[in-house]
Amino acid sequence: MQVDFYQLTRDPAEKVIPVLAQRVLDGDGRMLVVSGEGDQLDRLSTALWIAKPDSFLAHAKAGDGDDALQPILLSATPDAANGARFVALADGEWRDEALGFDRIFYLFPPSHTDNARTAWRALANRDDVERRYWKQDGGKWVQGP
């Protein structure tokens, strides 16, 4: 499994999640987006609606419809009722339950750097985990130490 650590120094999760979600959908995947912050889930929903000028990224909040049909499901918990194999932890909080997915996008702002470091170290000795760190450099993402 791959865990991508995204340090959000310029853009908030609401700008990054639509880009990641589009890539997952382009590969015929499904995504679960997790945040324990209800307001952030609302902002993420809006961001997915307006991400592309000519369309939207189909999604719903868990419990608002038939969760199993949603290509992108927004939830407070890491339960993939939509069968997603990709999960984005959008609120900066690491959840070990995410380790059941094929790929994890862990987004964290500077205020959650200690959480990210703890998670990075905890995953270091796992043979089944490939860790990658991404940081914002101007307007693009670069992989780095």
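**Close-up views of a predicted model**

**View 1. The backbone oxygen of Gln70 lies 3.0 Å from a polar atom in the side chain of Asn82.** The structure is a predicted model, in which local features need pLDDT of at least 70 and side-chain atom pairs count only at pLDDT 80 or more, while totals for chains, interfaces and linings use all residues. Residues are numbered from 1 along each chain as its sequence is written, and side-chain values use heavy atoms, with hydrogens and water left out. A polar atom of the Asn82 side chain also lies 3.2 Å from the backbone nitrogen of Ala84. Such a polar contact is a pair of N or O atoms within 3.5 Å; within protein, one must be able to donate a hydrogen and the other to accept it, and residues adjacent in sequence count only if both atoms are side-chain atoms. Asn82 belongs to the loop between S4 and strand S5 (86-89); helices (H or I, at least four residues) and strands (E, at least two) are DSSP runs, numbered from the N terminus. With a relative accessibility of 4%, Asn82 counts as buried; the term means under 20% relative accessible area, exposed means over 50%, and partly exposed is in between (1.4 Å probe, protein chains only). Not counting residues up to four places away in sequence, Asn82 touches Arg30, Met31, Asp67, Ala68, Gln70, Pro71, Ile72 and Leu73, contact being heavy atoms within 4.5 Å.

**View 2. Eight strands make up an open sheet of mixed pairing, in the order S3-S4-S2-S5-S6-S1-S7-S8.** Strand S3 (60-61) and strand S8 (140-143) each have a single partner strand and stand at the edges, so one side of each is left without a neighbour in the sheet. Two strands pair if DSSP finds at least two bridges between them. At one edge, S3 and strand S4 (residues 72-75) run parallel and are joined by two bridges; here Lys61 stands opposite Leu74 in S4. At the other edge, four bridges pair S7 with S8 in the antiparallel sense, and Trp134 stands opposite Gln143 in S8. The hairpin of S7 and S8 has two residues between the strands, and in this hairpin Gly138 takes a positive phi near 65°.

**View 3. Helix H2 (residues 38-50) lies across strand S2 (31-34), S3 and S4.** The helix runs at about 160° to S4; axes are lines fitted to C-alpha atoms, for helices over the stretch in contact, and angles run from 0 to 180 degrees between N-to-C directions. The buried residues of H2 are Gln40, Leu41, Leu44, Ser45, Ala47 and Leu48. Seen down the helix axis, these buried residues fall within an arc of 165°, so they line one face of H2; the arc is that of the directions from the helix axis to the C-beta atoms. They pack against H1, S2, S3 and S4. Asp39 and Ile50 are exposed residues on the face of H2 turned away from its buried side. At 1.5 Å a residue, the 13 residues of H2 should span 18 Å, which agrees with the 19 Å between its end C-alpha atoms; the expected span is 1.5 Å times one less than the number of residues.

**View 4. Leu20 is a buried residue of helix H1 (residues 13-26).** Its relative accessible area is 4%. Neighbours within four places in sequence aside, Leu20 is in contact with Tyr6, Met31, Phe105 and Leu107. Leu20 and Phe86 are 66 residues apart in sequence, and their C-alpha atoms are 9.9 Å apart in space. Among the other buried residues of H1 are Ala13, Val16, Ile17, Ala21 and Val24. For the 14 residues of H1 the expected span is 20 Å, and the end C-alpha atoms are 20 Å apart, which agrees.

**View 5. Asp28 follows just after H1 and takes a positive phi of about 65°.** This positive value occurs in a residue other than glycine. Asp28 is found in the loop between H1 and S2 and is exposed, with a relative accessible area of 75%.

**View 6. Gln7 lies in strand S1 and is buried, with a relative accessible area of 16%.** Neighbours within four places in sequence aside, Gln7 is in contact with Phe108, Thr113, Tyr133, Trp134, Lys135, Gln136 and Trp141. Helix H3 (residues 113-123) lies across strand S1 (2-7), strand S6 (103-108) and strand S7 (130-137), and runs at about 160° to S1.
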